Every structure is written in C-alpha cells, then in structure tokens.
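Me: Hey, I've got a structure open and could use some help reading it. Can we go through it bit by bit?

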Amino acid sequence: EFSGKFRPRFEIQEGAKSDESSRPIFDTRARLNAKAKVNANTEVFLQFQARGVWGNTGDTAATTGRAAYGAAPANDAVDDVGLHQGYVTLKNFMGQAVDLKLGRQEIVFDGHRILGNTIWTQGGQTNDAVRFDHSAGNHELNFVYIEAEEDGDADGVNDDRNNGTYVVRAATQGVMGGNLAGYFVVHDDNSAESGENQWYTVGARQA
C-alpha cells in the first residue's frame with residue numbers, strides 16, 4: 001500500500017528580545033509511505049520525508065535533516081529526502097500475545113504528554129527503538145527501549161558514550177470512568193561530558 005502527505009505552512013517567528021524583528025517564512029513537508037504485509041503476522045512500513053524552508057540554502061538534510069529549497073546558489077545537488085520511519089512489526093512474537101515493533105518509529109502515548117512525535121513541528125520526532133506491546137481485555141502493557149544517541153568513539157578512543165531511554169507503561173480502561181496509565185521511565189546518559197547521569201520519571205495519567 002502506498003500513501004503520502006503534502007503539508008505547506010506559513011509561519012511568523014517572533015524573537016523574545018524587543019530589538020528582534022519578526023521573520024515570516026514558508027516551509028513544506030512532503031511524505032511518501034509504503035506498507036507491505038509479508039504474511040499474517042509480519043508487516044513492513046517505510047516513510048520517506050522531505051522538509052525545508054523556502055529559500056534556505058544554508059542547511060541541508062545531511063547536516064540538519066532539513067531541506068535546502070533555495071535557488072541561489074545553484075541547488076542541483078540538494079539532497080533533502082530522508083528516512084523518517086522504517087520498521088517491521090511482528091505480531092504474536094515467538095508465539096506469545098506480544099507484538100514487536102523494531103526500527104525507526106514514532107513513539108506516541110497518552111496525548112503526547114511524555115512521549116510523542118511533536119506533531120506541531122514540520123519534521124516530527126522519531127526514535128530508533130524496540131517496542132513490545134501486549135493488550136488483553138481492558139489493559140495494555142508496553143515496554144520500549146530507545147537508542148537516543150550512539151557515540152561510542154570519542155577522540156579515537158572507544159568508550160561507552162551512548163544515551164538510552166527505557167519506558168515501561170501500563171494502562172487500564174474503565175478506572176474512575178476513564179483510562180488510567182502509569183509510567184516508569186529511565187534515561188541513561190553515559191556521555192562523559194554530562195558525568196554519566198540517570199534520570200527517573202514515575203507518574204500516572206488519568207483521562
């Protein structure tokens with residue numbers, strides 16, 4: 001199956017300082033989707049995206065993920081298409097009532113409160129992640145591992161400088177007339193610059 005989306009947008013960006021003038025811009029996002037059903041339990045999804053500000057020749061997709069749509073200087077070599085999402089879904093993984101989604105994907109839970117795709121931005125947030133989902137009756141369990149940053153080689157020295165996020169979520173419908181979701185999130189930062197920190201988020205959302 002093939003599908004797509006084209007979204008042009010006009011923005012007025014206003015600086016926080018009083019001496020900064022506003023900046024009106026046009027930007028555009030174009031997406032092309034391809035989904036293939038391999039068998040009853042296996043699907044592959046690819047989503048290609050190009051986005052950019054009209055006339056912006058200083059940034060390219062190679063450095064910022066943003067298209068350079070300008071005509072001056074010559075733009076015959078502009079490379080503004082990238083892989084926004086690319087993942088495989090394995091339903092009933094290993095014969096269990098668990099679905100596995102592996103690859104680059106948007107992680108969206110509970111109205112984007114903690115994890116979302118920043119839908120208000122033109123590019124949208126994606127993650128290189130492994131996701132397990134289990135649902136039965138009125139409950140749902142989720143486990144997600146996100147590889148936030150892979151930087152194992154600094155100044156020619158191999159070390160563990162990775163950033164990873166672990167998410168455990170449990171949701172139940174029909175609690176106090178709505179849906180209750182609980183979270184336990186660990187962000188593990190092993191980069192030397194930050195001092196190898198870990199952040200923990202625990203909470204719940206009642207909708």
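Reply: Sure. One term before we start: a pocket here is an open set of grid points with protein on both sides within 12 Å along at least five of seven lines, and its lining residues have an atom within 4 Å of a point. Also keep in mind that this is a predicted model.

Me: OK, so which residues lie nearest the centre of the second largest pocket?
Reply: Those are Glu140, Arg169, Ala171, Gln173 and Asn179, out of 14 residues that line the pocket. Three elements give two or more residues each to that lining: β8 (139-149), β11 (163-175) and β12 (178-189).

Me: Which of them gives the largest share?
Reply: β11 does, with four residues of the lining.

Me: And what's the volume of that second largest pocket?
Reply: About 200 Å³.

Me: How does its lining divide into nonpolar, polar and charged?
Reply: You get four nonpolar, six polar and four charged residues.

Me: Switching topic: how does β1 run relative to β2, parallel or antiparallel?
Reply: Antiparallel: twelve bridges join β1 (residues 2-13) to β2 (residues 23-39). To find a spot on screen, look at Arg7, which stands opposite Arg29 in β2.

Me: What about β2 and β3?
Reply: β2 also pairs with β3 (residues 42-53), in the antiparallel sense and over twelve bridges. A hairpin of two residues joins β2 to β3. For one bridge in that pairing, take Arg31, whose partner in β3 is Gln49.

Me: Now rings. How many aromatic pairs are there?
Reply: The count comes to seven. One of them is Phe10 with Phe26, a tilted pair at 5.1 Å centre to centre and 50° between the planes. Phe10 sits in β1 and Phe26 in β2, 16 residues apart, so the pair links distant parts of the chain.

Me: Why do Phe10 and Phe26 count as partly exposed?
Reply: Partly exposed covers what falls between 20% and 50% relative accessible area. Phe10 counts because its value is 47%, and Phe26 because its value is 41%.

Me: What other ring does Phe26 pair with?
Reply: Trp54. That pair is stacked, 4.9 Å centre to centre with 20° between the planes. Trp54 is in the loop between β3 and α1 (61-64), 28 residues from Phe26. Ring pairs link Phe10, Phe26 and Trp54 into a cluster.

Me: Last one: what lies over the face of Tyr87?
Reply: Lys101, at 4.7 Å from the ring centre.

Key
Residues numbered from 1 in each chain as written. Predicted model: local features only at pLDDT ≥ 70, side-chain atom pairs only at ≥ 80, totals over all residues. Heavy atoms only, no water. 1 Å grid on protein atoms, 1.4 Å probe; cavity = no way out; pocket = protein on both sides within 12 Å on 5 of 7 lines; lining within 4 Å. Points joined across faces, edges and corners; volume = space filled by probe spheres on them. Nonpolar A, V, L, I, M, F, W, Y, C, P; charged D, E, K, R; others polar. Pairing = 2+ DSSP bridges. Phe/Tyr/Trp six-rings, centres within 6.5 Å; stacked < 30°, edge-to-face > 60°. Buried < 20%, exposed > 50% of the residue type's maximum accessible area, 1.4 Å probe, protein only. Lys NZ or Arg CZ within 6 Å of the ring centre and 35° of its normal.
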